[in-house]
Amino acid sequence: MNKNFWKNKKVLITGHTGFKGSWLTLILSSYGAKIYGYALNPISKPNFFDNLNLKKYLIHDFREDILNFKKLKTVIKMIKPQIIIHLAAQSSVLESYKTPKETISVNVVGTANLLEASKTCKSVRAIVIATTDKVYLNLEKKKSFSEKDMLGGHDIYSGSKAATEIIIQSYFKSFFKKNNCNLAAVRSGNCIGGGDWTKDRIVKDCAENFIKNKNLIIRHPKATRPWQHVMEPLFGYLKLTKKLYGNSKYCGSWNFGPRKKNNLKVIEVAKFGKKFLNSKSKIKIKKSNFYESTNLSLNSKKAFKYLKWKTRLSAKLSLELAFEWYKFYADKKSKLKVIDFTFKQIGFYKKILKGKKYEVQKL
Ligand SMILES: NC(=O)c1ccc[n+]([C@@H]2O[C@H](COP(=O)([O-])OP(=O)(O)OC[C@H]3O[C@@H](n4cnc5c(N)ncnc54)[C@H](O)[C@@H]3O)[C@@H](O)[C@H]2O)c1
């Protein structure tokens, strides 16, 4: 990663108060970017953003709705960002069953608002928009999806993200191609890492319950997921952004998924967490009536070929980094602050990117 590229770059992160947005804020601040945030207040208590006081890493922290087009346009006009990384979304599959219309509004109309508000802002040269690995038409054939595969969406969240991808393409062809601004959609797998307190996320649920020796209830124990530490796709997005900035060759959609080897069943993750955290909790299984794909894996050869991006962490090390973070957070006796511990994890990952070999239990 060329540090100088990011130094003083004006970057607008939407969804900066969320899980990925918080990590991205810290990573970009470590490269000296001028960061602006646009999002709603964090939902969960506790939350990464407020607990670690991430506001201090921002030039300005806008707490506004992506559906407020007028406000969004004014903010973009005022900041004149060079880069936008759009993470603001309703990000939960389960929640999308409960609030389908809201999910579609925030994810599809929210993205359209962002593109509409940016299309006449000449400072913006690259926009990277997070969709998901769930955008593909998944017929449960244990297939690894590549960027050329058909879009689909069994649940509302997946459908909203697939629709978002089509809107991105339409906006690009209709408006952005003529401007000097390039667009990309980025699809990652299920991300894990410290600081995620979003409801119904398995690693967070494991950490919270196992640390307190409470029993854990899981749904879809046999579902296989491509687990990846949140830093892996985020560093991939940054590699892509750098290329995208001024080069339309990099427009389009990009998979940033882990190796197939990183696929683990939900039950395996829970058992790993229980052992790692030395917990007395019991793991209980509760059947869920909602559909969630059982097999999902991404083919990320394109990212490797053009960006030299690949998964660096094994599933085990990714889980260790995540569980270690929650363990550290819960340990009130530690002298090191959680923010410093988080920067330590970022530093550790940067060393791995430079080719350092790691051992489990490294930190
Ligand atoms: N976390 C994952 O495992 C994962 C995997 C694949 C894709 N993604 C995608 O990456 C992006 C970020 O995910 P995350 O895990 O950080 O999500 P998150 O739920 O932790 O954060 C969502 C962010 O969006 C903001 N937001 C929600 N509704 C908004 C609105 N109406 N107006 C303004 N801001 C709003 C929230 O305030 C928050 O800052 C999302 O697009 C998500 O779908 C996440």
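**Entry 1: N262**

Helices and strands are taken here as DSSP runs, of at least four residues for a helix and at least two for a strand, and are numbered from the N terminus. I worked throughout on a predicted model. With those runs in hand, I placed N262 in the loop between β12 (252–256) and β13 (263–265). I then looked up the exposure of N262 and found a relative accessibility of 2%. N262 therefore counts as buried, since the limit for that class is under 20%. I also looked for a polar partner of the N262 side chain. One of the polar atoms of that side chain lies 3.5 Å from the backbone oxygen of W227.

**Entry 2: the ligand and its shell**

I next listed the residues around the ligand and obtained 26. Of these, T17, S91, Y157, K161 and C191 come nearest. Sorted by class, the shell holds 11 nonpolar, 10 polar and 5 charged residues.

I then examined individual contacts to oxygen atoms of the ligand. The side chain of S91 places an N or O atom 2.6 Å from a ligand oxygen. From K20, a backbone N or O atom lies 2.8 Å from an oxygen atom of the ligand. For G15 the contact again involves a backbone N or O atom, at 3.3 Å from a ligand oxygen. How much of the ligand's area does the protein bury? Taken alone, the ligand exposes 820 Å², and the protein buries 92% of that. I noted that the elements giving two or more residues to the shell are α2 (19–30) and α7 (156–176).

**Entry 3: salt bridges**

I counted 10 salt bridges in the model. I recorded the pair D50 and R63, whose side chains meet with an N to O distance of 3.8 Å. D50 belongs to helix α3 (residues 48–51) and R63 to strand β3 (residues 60–63), so this pair ties together parts that are 13 residues apart in sequence. Both ends were checked for exposure: D50 is partly exposed, with a relative accessible area of 42%, and R63 is partly exposed at 28%. I also found that D50 and R63 are linked with K55 and D61 in a network of salt bridges.

Two further pairs were entered. E116 and K119 form a salt bridge in which the closest N and O atoms are 2.6 Å apart. E116 has a relative accessible area of 26% and is partly exposed. K143 and D149 meet through their side chains at 3.1 Å, N to O. K143 counts as partly exposed, because its relative accessibility is 40% and that class runs between 20% and 50%.

**Entry 4: the loop between β5 and β6**

I turned to the loop between β5 (126–130) and β6 (144–145), in which L137 lies. The relative accessibility of L137 is 37%, so L137 counts as partly exposed. Which residues make up the nonpolar surface patch? L137, L139 and M150 make this patch, which covers about 310 Å².

K142 is also found in the loop between β5 and β6. Is K142 buried or exposed? K142 has a relative accessible area of 61% and is therefore exposed, the limit for that class being over 50%. Finally, I looked up the separation of K142 and H229, which are 87 residues apart along the chain. Their C-alpha atoms are separated by 22 Å.

Conventions. Residues are numbered from 1 along each chain as its sequence is written. This is a predicted model: local features need pLDDT of at least 70, side-chain atom pairs count only at pLDDT 80 or more; totals for chains, interfaces and linings use all residues. Side-chain values use heavy atoms; hydrogens and water are left out. Patches are made of residues with over 30% relative accessible area and no salt bridge: like charges are joined within 9 Å, nonpolar side chains (Val, Leu, Ile, Met, Phe, Trp, Tyr) within 5 Å. Accessible areas come from the Shrake-Rupley method with a 1.4 Å probe; for residues, only the protein chains shown count as cover. A salt bridge is a side-chain nitrogen of Lys or Arg within 4 Å of a carboxyl oxygen of Asp or Glu. Buried means under 20% relative accessible area, exposed over 50%, partly exposed in between (1.4 Å probe, protein chains only). A residue is near a molecule or strand if one of its heavy atoms lies within 4 Å of it. A polar contact is a pair of N or O atoms within 3.5 Å; within protein, one must be able to donate a hydrogen and the other to accept it, and residues adjacent in sequence count only if both atoms are side-chain atoms. Ala, Val, Leu, Ile, Met, Phe, Trp, Tyr, Cys and Pro count as nonpolar, Asp, Glu, Lys and Arg as charged, and the others, Gly among them, as polar.
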